[in-house]
Amino acid sequence: MPTVRVTRRAHFCSAHRLFRDDWSDEQNREVFGDCSNPNWHGHNYVLDVTVEGPVDPETGFVMDLKQIKRAINERVIDDVDHRNLNLEVPWLEGTMASTENFAVAIWDRIASALPEGVRMHRVYLQETPNNSVEYMGPAAG
Ligand code: NI
């Protein structure tokens with residue numbers, strides 16, 4: 001049975017701030033730059049979730065795209081869109097709200113919602129057109 005990768009894209013807007021309580025304002029500014037603005041700032045995020053699995057001979061699908069869309073919406077977008085990542089997202093609590101950490105957290109959220117036989121392949125998260133990260137999971141990581 002052929003193994004195929006399927007990608008679903010989503011867009012959302014969130015506010016955040018990168019800072020450490022135990023650092024001075026100066027040190028935060030030095031390391032985190034504009035992302036350390038004390039009064040928050042927003043990004044228009046682009047998220048690609050790629051899953052991998054065998055093609056079902058009956059449907060011709062690896063996974064119904066509606067199912068991936070629902071998992072992304074219910075497990076990620078509903079929680080983060082138009083929210084403050086530092087203050088309003090329980091599953092990011094205690095985590096530095098960097099794109100790296102965010103991508104890893106999104107992986108875990110989606111992975112647990114996949115049907116049997118389908119696995120996560122990649123989470124691509126773009127913070128700005130110039131800045132993006134990708135996470136391939138703990139095994140390949
Ligand atoms: Ni930022």
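**Exercise 1. Is Arg119 buried, partly exposed or exposed?**

Work out the class of Arg119, then place the residue in the fold of this predicted model.

*Solution.*
- Step 1: Start with the number: Arg119 has a relative accessible area of 41%.
- Step 2: Buried means under 20% and exposed over 50%, so Arg119 is partly exposed.
- Step 3: Now for the address, which is strand β4.
- Step 4: Skip residues up to four places away in sequence, and Arg119 touches Thr3, Val51, Glu52 and Leu114.
- Step 5: Arg119 also belongs to a network, joined with Arg5 and Glu52 by salt bridges that share partners.
- Step 6: Check the Arg119 and Arg5 pair: they sit 114 residues apart in sequence, yet their C-alpha atoms are 9.5 Å apart in space.

**Exercise 2. Go through some of the salt bridges and say what each one connects.**

*Solution.*
- Step 1: Get the total first: the count comes to seven salt bridges. The idea behind such pairs is simple: side chains of opposite charge can pair when their charged atoms come close.
- Step 2: Take Arg109 and Asp79, whose closest N and O atoms are 3.4 Å apart. Arg109 is in helix α3 and Asp79 in helix α2, so this pair ties together parts 30 residues apart in sequence. Arg109 is partly exposed at 21% relative accessibility, and Asp79 is also partly exposed, at 21%.
- Step 3: Next up are Glu134 and Arg122, with closest N and O atoms 2.5 Å apart. Here the link runs between strand β5, home of Glu134, and strand β4, home of Arg122, so parts 12 residues apart in sequence are tied together. Glu134 is partly exposed with a relative accessible area of 48%, and Arg122 is partly exposed at 23%.
- Step 4: Finish with Asp64 and Lys66, whose side chains meet at 3.3 Å, N to O. Asp64 is partly exposed, with 23% relative accessible area, whereas Lys66 is exposed, at 56%.

**Exercise 3. Which residues have the most contacts inside the largest nonpolar core, and which helix or strand supplies the largest share of this core?**

*Solution.*
- Step 1: Recall the background: in soluble globular proteins, nonpolar side chains tend to be buried together.
- Step 2: Size up the core, which has 35 residues; Leu47, Val51, Trp91, Phe102, Ile106 and Leu125 have the most contacts inside it.
- Step 3: See who contributes. At least two core residues each come from β1 (3-16), β2 (41-54), α2 (65-80), α3 (99-111), β4 (119-128) and β5 (131-135).
- Step 4: Pick the winner: α3 gives the largest share, six residues.
- Step 5: Zoom in on Leu125. With neighbours within four places in sequence set aside, its contacts include Phe12, Tyr45, Val46, Leu47, Phe102, Ala103, Ile106 and Val133. Thr99, Asn131 and Ser132 are also among the residues Leu125 contacts.

**Exercise 4. What volume does the largest pocket have, and how does its lining split by class?**

*Solution.*
- Step 1: Read off the volume: about 190 Å³ for the largest pocket.
- Step 2: Collect the lining. Arg17, Phe19, Arg20 and Asp21 are in it, along with Leu85 and Asn86, and then Leu92, Glu93, Gly94, Thr95, Met96 and Ala97.
- Step 3: Sort by class, and the lining comes out as five nonpolar, three polar and four charged residues.
- Step 4: One catch when sorting: Gly counts as polar, so Gly94, which is part of this lining, goes in the polar group.

Definitions and conventions: Residues numbered from 1 in each chain as written. Predicted model: local features only at pLDDT ≥ 70, side-chain atom pairs only at ≥ 80, totals over all residues. Heavy atoms only, no water. 1 Å grid on protein atoms, 1.4 Å probe; cavity = no way out; pocket = protein on both sides within 12 Å on 5 of 7 lines; lining within 4 Å. Points joined across faces, edges and corners; volume = space filled by probe spheres on them. Core = buried A, V, L, I, M, F, W, Y, C linked by side-chain atoms within 4.5 Å. Buried < 20%, exposed > 50% of the residue type's maximum accessible area, 1.4 Å probe, protein only. Helix = DSSP H or I, 4+ residues; strand = E, 2+ residues; numbered from the N terminus. Contact = heavy atoms within 4.5 Å. Salt bridge = Lys/Arg side-chain N within 4 Å of Asp/Glu carboxyl O.
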